[in-house]
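Me: Please take one small part of this protein and go through it slowly, telling me how it sits among its surroundings. After that, please set it against the chain as a whole.

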Amino acid sequence: THKKMLAKHASKIIAVSNNTKNDIVKILKIDSNKIEVVHLASSLINVVPEHVKRLPKKYILFIGRRDFYKNFTRFLTAFSQVVKNEHNLNIVCVGGDKLSHQEIKTIESYGLLQKVTHIERVSDNQLTYIYQNALAFIFPSLYEGFGMPILEAFGCGCPVACSNTSSFTEIAQDSALYFDPTDTSSIVKAIETITRNNLIRKRLRALGFISVKKYSWEKTAKKTLNLYYNTLSHYASTHR
């Protein structure tokens, strides 16, 4: 209610994606002309990688928190099926709080305790190294307003497989392999495809490098500044 009130009284609203803009219009009933889309960018560009110890030799990457909408449990379910045939494959999870007792129990129930490595905090340099050495970044969230890790992975040359929902297709476009995040078999197929096929990884890596160049913090700043300037100018002209 408080958010809706603020949105209705705002002169302009900045949304980080067209998907977020559409959600604001649909959920908060805000005029779409009042909302400007300003995409974010990745800070992991031209970052010198820093070696991270004790990483498995062959791993896929999961980034961020593991709340319900992050779809972590279904991701584990899919991985448990993949690893039956890919015995050397592992998961590296970066970020989020320490693995909870329930998460450890779930991982254990799938027989994956030796297959999952969790790293709570890393520097940008270390994160760059982790992206660069992953077979692929898997992003199974049910919803994201933007999806920053997609651009991070692109900038680090890490192939991406992600959900076909919310803002993912808008941000990644043709540079990622897509799956249905509500369908375990779809996630399994995507993980198997991206980890087994070197040509697909090479193609996605090249496309990612191209895509990430479309986004920059300079563009974000300029567009934001122009929005503020135009809004203030309009306010000044109507309150003389």
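Reply: Cys-156 counts as buried, because its relative accessibility is 6% and the cut-off for buried is under 20%. This is a predicted model, and every value below is computed from it. Cys-156 belongs to helix α6, and, leaving aside residues up to four places away in sequence, Cys-156 touches Leu-44, Thr-128, Tyr-131, Gln-132 and Phe-209.

A cysteine invites the question of how many disulfides there are, and a search of the whole structure finds 0. For Cys-156 the nearest cysteine sulfur is that of Cys-158, 7.7 Å away; that pair is not a disulfide, because the two sulfur atoms would have to lie within 2.5 Å. Cys-162 is in no disulfide either, and its nearest cysteine sulfur, again that of Cys-158, is 12 Å away. Cys-162 is buried as well, with a relative accessible area of 0%.

The helix around Cys-156 is worth following next. Of the 9 residues of α6, 7 are buried, so the helix is largely enclosed by the rest of the structure. Those buried residues are Pro-149, Ile-150, Leu-151, Glu-152, Ala-153, Phe-154 and Cys-156. The cover over them includes strands β3 (59-63), β6 (136-139) and β7 (160-163), together with helices α5 (124-133), α7 (168-172) and α9 (198-212). Just after α6, Gly-157 takes a positive phi of about 75°.

Within α6, which spans residues 148-156, Glu-152 deserves a closer look, since Glu counts as negatively charged. Glu-152 is buried yet has no salt bridge. The nearest side chain of opposite charge is Lys-70, and it is 10 Å away, whereas a salt bridge would need a side-chain nitrogen of Lys or Arg within 4 Å of a carboxyl oxygen of Asp or Glu. Not counting residues up to four places away in sequence, Glu-152 touches Ser-42, Leu-44, Leu-127 and Tyr-131. Leu-44 and Tyr-131 are also among the residues that Cys-156 touches.

Another helix can be set beside this one. Helix α3 (residues 72-82) is mostly covered, with 8 of its 11 residues buried. They are Phe-72, Phe-75, Leu-76, Thr-77, Ala-78, Phe-79, Ser-80 and Val-82. Part of the cover over them comes from strands β3, β4 (90-94), β5 (116-119) and β6, and helices α4 (101-109) and α8 (184-196) also take part. Strands β3 and β6 are thus named in the cover of α3, and they are named in the cover of α6 as well.

The loop between β3 and α3 holds Asn-71, which has a positive phi of about 65° although it is not a glycine. Is Asn-71 buried or exposed? At 4% relative accessibility, Asn-71 counts as buried. Lys-29 also has a positive phi, near 60°, in a residue other than glycine, and it lies in the loop between α2 (18-28) and β2 (35-37). Lys-29, however, is exposed, with a relative accessible area of 56%.

The surface offers a contrast to the enclosed helix. Ile-14, Tyr-228 and Leu-232 form a nonpolar patch there, with about 330 Å² of accessible area together. Leu-232, which lies in helix α10 (residues 217-238), is exposed because its relative accessible area is 58%, and the cut-off for exposed is over 50%.

Finally, the chain as a whole gives the setting for α6. Its secondary structure comes to 10 helices and 8 strands, and its C-alpha trace spans about 70 × 40 × 30 Å along the principal axes. Within that trace, the C-alpha atoms of Cys-156 and Gln-102 are separated by 32 Å, and these residues are 54 apart along the chain. Of the 240 residues, 48% count as buried, and the chain exposes about 13,200 Å², of which carbon and sulfur atoms supply 53%. Among the contacts with a separation of 6 or more, 67% are between residues 24 or more positions apart.

Notes: Residues are numbered from 1 along each chain as its sequence is written. This is a predicted model: local features need pLDDT of at least 70, side-chain atom pairs count only at pLDDT 80 or more; totals for chains, interfaces and linings use all residues. Side-chain values use heavy atoms; hydrogens and water are left out. Patches are made of residues with over 30% relative accessible area and no salt bridge: like charges are joined within 9 Å, nonpolar side chains (Val, Leu, Ile, Met, Phe, Trp, Tyr) within 5 Å. Accessible areas come from the Shrake-Rupley method with a 1.4 Å probe; for residues, only the protein chains shown count as cover. Helices (H or I, at least four residues) and strands (E, at least two) are DSSP runs, numbered from the N terminus. Buried means under 20% relative accessible area, exposed over 50%, partly exposed in between (1.4 Å probe, protein chains only). Contact means heavy atoms within 4.5 Å.
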